[in-house]
Amino acid sequence: MNKRLYVGGLSYSVDDDGLRELFMTCGEVSFVKVIRDFHSGRSKGFGFVEMATPEEAKGAITELHGSLHERRTISVSEANPPETASGRAGGAIASRLGRTGTAAEARKRLSALGRTATEKGASK
């Protein structure tokens with residue numbers, strides 16, 4: 001069973017191959033992705049690595065978290081499962097403001113607001 005890790009604090013010059021090379025010292029790497037800006041193509045300074053086994057993932061966290069890579073201190077931790085990060089209306093900003101819910105719930109609320117506005121406009 002593969003285990004996905006979050007890697008933060010990366011140098012902007014690190015690419016997928018460089019990140020793979022770094023984690024290969026800890027075991028078999030099955031997936032690597034440095035997250036890049038859509039428009040500029042520049043690294044955003046973080047990425048994801050998937051190790052072949054949970055034991056190798058724990059070893060990578062122990063060995064690499066807080067270590068220096070290209071003169072920067074990197075952080076390595078277990079990645080949040082994709083299902084907890086997606087499917088929420090408004091994303092991280094809305095959750096900080098206490099406005100979370102599914103996209104379907106948001107559409108339902110907006111639809112109700114639209115009906116209320118229409119009803120108020122018709123009564124004038």
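This passage walks through the fold of a single chain, from its overall make-up to its sheet, one of its helices and a few backbone details.

The model is a predicted one. Its chain has 124 residues, and 25% of them are buried. In terms of secondary structure, there are five helices and six strands, and these follow one another along the sequence as β-α-β-β-α-β-β-β-α-α-α. Contacts that reach across the sequence carry a good share of the picture: of the contacts with a separation of 6 or more, 56% link residues that sit 24 or more positions apart. As for the outside, the accessible surface adds up to about 8600 Å², with 54% of that area belonging to carbon and sulfur atoms.

Next comes the sheet. It is open and built from four strands, which line up in the order E2-E3-E1-E6 with antiparallel pairing. Strand E2 (residues 29–36) and E6 form the edges, each of them pairing on one side only. On average, and with direction ignored, neighbouring strands are turned by 20° against each other. In general, the strands of a sheet pair through backbone hydrogen bonds, in either a parallel or an antiparallel way.

How many bridges join E1 to E3? There are six, and the two strands run antiparallel. Among the pairs involved, Leu 5 has Val 49 in E3 as its bridge partner, while Gly 8 is matched with Phe 46, also in E3. Towards E6, E1 is joined by four bridges, again in an antiparallel run. Leu 5 turns up here too, standing opposite Glu 78 in E6. Leu 5 thus has a partner in E3 and another residue facing it in E6.

Helix H1 packs on this sheet, where it touches E1, E2, E3 and E6. The direction of H1 makes about 140° with that of E2.

Helix H2 spans residues 54–64, and its buried residues are Ala 57, Ala 60 and Leu 64. Looking down the axis of H2, these buried residues fall within an arc of 60°, so they line one face of the helix. The general rule behind such a pattern is that an α-helix has 3.6 residues a turn, so residues three or four places apart point the same way. What do the buried residues of H2 pack against? Their neighbours are strand E1 (3–8), helix H1 (16–24), strand E3 (43–51) and strand E6 (75–78). On the face of H2 turned away from its buried side sit Glu 55, Lys 58 and Thr 62, which are exposed.

A few backbone angles are worth a look as well. Gly 66, just after H2, takes a positive phi of about 85°. Two residues other than glycine also have positive phi values: Glu 70, with a phi near 50°, and Arg 71, at about 65°. Where does Glu 70 lie? It is found in the loop between strand E4 (68–69) and strand E5 (72–73), and Arg 71 has its place in the loop between E4 and E5 too. As for cover, Glu 70 counts as partly exposed, because its relative accessibility is 42%. Arg 71, with a relative accessible area of 82%, is exposed.

Key
Residues numbered from 1 in each chain as written. Predicted model: local features only at pLDDT ≥ 70, side-chain atom pairs only at ≥ 80, totals over all residues. Heavy atoms only, no water. Buried < 20%, exposed > 50% of the residue type's maximum accessible area, 1.4 Å probe, protein only. Contact = heavy atoms within 4.5 Å. Areas by Shrake-Rupley, 256 points an atom, 1.4 Å probe, with all protein chains shown as cover. Arc of directions from axis to C-beta. Pairing = 2+ DSSP bridges. Axes fitted to C-alpha atoms, helices over the stretch in contact; angles between N-to-C directions.
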